[in-house]
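Work through the exercises below with the sequence and the model open. Each task is followed by a solution in steps.

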Amino acid sequence: MTAQRGVWYTLFDMTQAKCDLNKNAVGRFAPTPSGNMHLGNVLCALLAYLSAKSKGGKFLIRIEDLDALRCPKSSAYKILDDLAVLGIISDETPLFQSERTAKYAEAEERLREKGLLYPCFCTRKELHAAHAPRLSDGGVVYGGACRNLTAAQIEEKLKTQKPCVRIQVAEKTLSFTDGLCGEISQDLLTECGDFIIKRSDGVYAYQLAVTVDDGECGVTEVVRGNDLLSSTPRQLFLFDELGFARPQYYHIPLVCDAHGRKLSKSEGDTFGDLLHRKPPEAILGALAFAAGILPENRAASLRELTERFDWALVHKDRILLPEL
């Protein structure tokens with residue numbers, strides 16, 4: 001144990017002997033440690049925890065630190081400490097994506113053996129200059145300019161440029177039922193396009209990493225913000241191609257402050273200061289009230305919230321936090 005690990009590690013160690021888990025239900029929370037959490041992030045963690053635990057299942061935490069320069073270990077340990085104060089603790093040692101490159105490489109090789117991968121030399125400038133539909137994450141639907149390059153063309157381009165790696169999607173509509181948003185369908189070719197699984201600098205892309213991690217950890221349910229809803233078909237496509245079972249998704253609505261403003265780390269909406277002003281059960285109760293789990297804003301324990309939890313109670317539209 002290192003000094004950095006702090007509160008979460010001590011509490012994690014104390015709880016392991018007490019775990020009596022239904023392995024059939026596995027939830028997770030996967031923060032990016034590029035800064036402190038805001039209450040929207042904490043609410044996502046709480047709902048993921050309550051959903052898994054209400055089924056007698058297992059709750060995991062994964063640190064999504066693929067971009068190591070933006071995601072120092074100290075920020076990750078701060079997130080784990082803050083969650084531990086609320087009692088939200090992983091049932092297994094938290095995973096760090098930065099330590100799982102070999103796993104992603106294995107998945108890349110499996111996809112390559114299926115003939116689904118190809119190098120792409122298109123620059124960001126070229127992609128955004130193209131007249132192609134835009135994606136909600138700021139990207140564009142890739143038109144397939146590099147899909148049919150010959151071996152000679154690839155060899156020539158490699159002399160001056162490092163490519164990213166794209167996966168060729170199927171010509172089909174992929175559908176799934178989200179636990180909050182209902183039926184979702186996406187035409188992979190026209191609404192998604194071939195997408196990147198490894199960047200030109202060799203770092204594996206989010207879409208591949210999150211799929212491999214959820215698949216290998218046996219995650220059965222994913223709770224996250226609905227800003228990621230449109231990327232889900234890409235991950236489901238990878239789940240199918242890699243032979244993993246699909247999880248159930250719950251994309252929670254936008255979380256705003258009491259005045260209707262979207263929460264943002266960059267605007268100072270951080271969670272750490274609140275922990276010094278409010279007791280944990282007051283924070284848990286306020287979050288549960290905002291989500292619809294409690295009918296009034298009052299202090300509540302994790303045990304009580306776990307017993308009360310039902311996805312039918314959770315708001316499907318915008319979530320407004322009370323003043324704290």
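The exercises deal with the chain as a whole, then with one helix and its surroundings, and finally with a loop residue.

The model is predicted, so local features are taken only at pLDDT of at least 70 and side-chain atom pairs only at pLDDT 80 or more, while totals for chains, interfaces and linings use all residues. Residues are numbered from 1 along each chain as its sequence is written, and side-chain values use heavy atoms, with hydrogens and water left out.

**Exercise 1. Describe the chain in terms of secondary structure, burial and contacts.**

Step 1. Assign helices (H or I, at least four residues) and strands (E, at least two) as DSSP runs, numbered from the N terminus. The chain has 12 helices and 12 strands.

Step 2. Classify residues by relative accessible area: buried under 20%, exposed over 50%, partly exposed in between (1.4 Å probe, protein chains only). Of the 324 residues, 49% are buried.

Step 3. Take contact to mean heavy atoms within 4.5 Å. Among contacts between residues at least 6 apart in sequence, 76% join residues at least 24 apart.

**Exercise 2. Determine how many residues of H8 are buried and which elements cover them.**

Step 1. In H8, 9 of the 11 residues are buried, so the helix is largely enclosed by the rest of the structure.

Step 2. The buried residues are Gln207, Leu208, Ala209, Val210, Thr211, Val212, Asp213, Asp214 and Gly215.

Step 3. Their cover includes strands S1 (26-29), S2, S8 (195-198) and S9 (221-225), together with helices H4 and H9.

Step 4. Just after H8, Gly218 has a positive phi of about 70°.

**Exercise 3. Characterise the packing of H8 against H9 and against H4.**

Step 1. Two packed helices are described by the angle between their axes and the distance between the axes. Axes here are lines fitted to C-alpha atoms, for helices over the stretch in contact, and angles run from 0 to 180 degrees between N-to-C directions.

Step 2. The axes of H8 (residues 206-216) and H9 (residues 232-242) come within 9 Å and cross at roughly 55°. Angles under 35 degrees count as roughly parallel, over 145 as roughly antiparallel, 65 to 115 as roughly perpendicular and the rest as oblique. H8 and H9 are therefore oblique to each other.

Step 3. On the H8 side the contact is made by Tyr206, Gln207, Leu208, Val210, Thr211, Val212, Asp214 and Gly215, and on the H9 side by Arg234, Gln235, Leu238, Phe239 and Leu242. By class there are 7 nonpolar, 4 polar and 2 charged residues in this contact; Ala, Val, Leu, Ile, Met, Phe, Trp, Tyr, Cys and Pro count as nonpolar, Asp, Glu, Lys and Arg as charged, and the others, Gly among them, as polar.

Step 4. For H4 and H8 the axes come within 10 Å and cross at roughly 100°, which means that H4 is roughly perpendicular to H8. Lys103, Tyr104, Ala107 and Leu111 of H4 meet Leu208, Ala209, Val212, Asp213 and Glu216 of H8. This contact has 6 nonpolar, no polar and 3 charged residues.

**Exercise 4. Find the salt bridges of Asp214 and Glu216 and state what they connect.**

Step 1. A salt bridge requires a side-chain nitrogen of Lys or Arg within 4 Å of a carboxyl oxygen of Asp or Glu. The whole structure contains 23 of them.

Step 2. Asp214 pairs with Arg62, the closest N and O atoms being 2.8 Å apart. Arg62 lies in strand S2 (residues 58-63) and Asp214 in H8, so the pair ties together parts 152 residues apart in sequence. Arg62 is buried at 4% relative accessible area, and Asp214 is buried at 1%.

Step 3. Glu216 pairs with Lys103 at 4.0 Å, N to O. This bridge links H8 with H4 (residues 101-113), across 113 residues. Glu216 is partly exposed at 36%, as is Lys103 at 33%.

Step 4. Both bridges belong to a network that links Arg28, Arg62, Glu64, Arg100, Lys103, Asp213, Asp214 and Glu216.

**Exercise 5. Locate Pro247 and list its contacts.**

Step 1. Pro247 sits in the loop between H9 and strand S10 (248-252). With a relative accessible area of 8%, Pro247 is buried.

Step 2. Leaving out residues up to four places away in sequence, Pro247 touches Val219, Thr220, Glu221, Val222 and Phe239.

Step 3. Pro247 and Leu236 are 11 residues apart in sequence, and their C-alpha atoms are 8.7 Å apart.
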